[in-house]
Amino acid sequence: ARGGMLAASASRPRVVLGGRRARTKTPAPSRSIVKTRATGAGDGESGGPSLVPADAADGLRRYRAVLGPLFLAGGLLHVPDVFGAGPVSAACDVGSFAELTTPLKALTLLWAVGGPVTATGLFAGTFLGDVGVTVIASTEIVLGIDFPDLIAPATLPAPIVAAQCVNIASLVALRLWETAEKRAND
């Protein structure tokens, strides 16, 4: 064998002028990632899980598994702000929660309480987690795009607002997929 590619390829004999046999390369069968369906623990053939969910339930499970830790971390990150010692307080250069503006207090409490509650719902795979994502993401989208002055001097960076838009769009798409599957099975 001249290289790794030849060793992995199947070949078949071919007759060439002069009576000598030559081999032509036949490529190994390819596997499309789109054709490979997820099974959670690997499909046996490719040795790992597919990037494509097997169905809507699998897609929702994966979505919730990613967002659960993120919403828990986000909520826990805002808890110190309720006591005046967190990232929002530092960004606003205040020493106590009472010194934050009313909209910032509301957003901080939404995250400090709603983040862990949402994460709990996401970990449990319940509708509560989906509602929490919708409430928190929608609030940040509206404040970040339409009312940034309400939370000044704090800001919602554009990547955070964009990520929340993706969160909402993903949830809506997965729920629509779930509804379509339920209707197809009825």
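This is a short talk on how the helices of one protein model pack together, with a few single residues along the way.

Good morning, everyone. A word of caution to start: the model is predicted. Let's go from the whole chain down to the details.

First, the overall layout. The protein has 6 helices and 2 strands. Follow the sequence and you read α-β-β-α-α-α-α-α. The protein has 186 residues, and 31% of them are buried. Now take the contacts with a separation of 6 or more. Of those, 49% join residues 24 or more positions apart.

On to the helix pairs. How do we describe two packed helices? We give the angle between their axes and the distance between the axes. Keep those two values in mind.

Pair one is α4 and α5. Helix α4 covers residues 102-124. Helix α5 covers residues 127-145. Their axes come within 7 Å and cross at roughly 150°. Angles over 145 degrees count as roughly antiparallel, so α4 is roughly antiparallel to α5. The crossing is left-handed. Who makes the contact? From α4 we have, among others, Leu-107, Leu-110, Trp-111, Gly-114 and Thr-118. From α5 the list includes Leu-128, Gly-129, Gly-132, Val-133 and Ile-136. By class, this contact has 10 nonpolar, 7 polar and 2 charged residues.

Let's stop at one residue of that contact, Thr-118. Thr-118 sits in α4. Is Thr-118 buried or exposed? Its relative accessibility is 2%, so Thr-118 counts as buried. Look at its side chain. One of its polar atoms lies 2.7 Å from the backbone oxygen of Gly-114. Which residues does Thr-118 touch, if we skip those up to four places away in sequence? They are Phe-71, Gly-129, Gly-132, Val-133 and Ile-136.

Pair two is α5 and α6. Helix α6 runs over residues 158-185. The axes of α5 and α6 come within 9 Å, and they cross at roughly 140°. What do we call that orientation? The two helices are oblique to each other, because the angle is not over 145 degrees and fits none of the other named ranges. The crossing is again easy to state: α5 passes α6 left-handed. On the α5 side, the contact includes Phe-127, Val-133, Ile-136, Ala-137 and Ile-141. On the α6 side, Ile-160, Val-161, Ile-168 and Leu-171 are among the residues. The count by class is 11 nonpolar, 5 polar and 3 charged.

Pair three is α2 and α6. Helix α2 spans residues 56-82. Here the axes come within 9 Å and cross at roughly 155°. That makes α2 roughly antiparallel to α6. This crossing is left-handed. Helix α2 brings in, among others, Ala-56, Leu-60, Tyr-63, Leu-67 and Phe-71. Helix α6 brings in residues including Gln-164, Leu-171, Leu-174 and Trp-177. Sorted by class, we get 9 nonpolar, 4 polar and 4 charged residues.

You may have spotted a shared name. Phe-71 is part of the contact of α2 with α6, and Phe-71 also touches Thr-118. Leu-171 of α6 appears in the contact with α2 and in the contact with α5.

Stay with α2 for a moment. His-78 is in this helix. His-78 counts as buried, because its relative accessibility is 14%. Which residues are in contact with His-78, leaving aside neighbours within four places in sequence? The answer is Val-88, Thr-108, Trp-111 and Ala-112.

Now a residue of α4 that is not buried. Ala-106 belongs to α4. Its relative accessible area is 46%, so Ala-106 is partly exposed. Compare its position with Ile-151. The two are 45 residues apart in sequence. In space, they are 9.8 Å apart, C-alpha to C-alpha.

Last stop, the loops. Asp-93 is in the loop between α3 and α4. Asp-93 is not a glycine, yet its phi is positive, at about 55°. With 71% relative accessibility, Asp-93 counts as exposed.

Then move to the loop between α5 and α6, where we find Pro-153. What kind of peptide bond joins Ala-152 and Pro-153? It is a cis bond, with omega at about 10°.

That's my tour. Thanks for listening.

Terms used:
Residues are numbered from 1 along each chain as its sequence is written. This is a predicted model: local features need pLDDT of at least 70, side-chain atom pairs count only at pLDDT 80 or more; totals for chains, interfaces and linings use all residues. Side-chain values use heavy atoms; hydrogens and water are left out. Axes are lines fitted to C-alpha atoms, for helices over the stretch in contact, and angles run from 0 to 180 degrees between N-to-C directions. Helices (H or I, at least four residues) and strands (E, at least two) are DSSP runs, numbered from the N terminus. Angles under 35 degrees count as roughly parallel, over 145 as roughly antiparallel, 65 to 115 as roughly perpendicular and the rest as oblique. A crossing is left-handed if the near helix is turned anticlockwise from the far one by less than a right angle, and right-handed if clockwise. Contact means heavy atoms within 4.5 Å. Ala, Val, Leu, Ile, Met, Phe, Trp, Tyr, Cys and Pro count as nonpolar, Asp, Glu, Lys and Arg as charged, and the others, Gly among them, as polar. Buried means under 20% relative accessible area, exposed over 50%, partly exposed in between (1.4 Å probe, protein chains only). A polar contact is a pair of N or O atoms within 3.5 Å; within protein, one must be able to donate a hydrogen and the other to accept it, and residues adjacent in sequence count only if both atoms are side-chain atoms.
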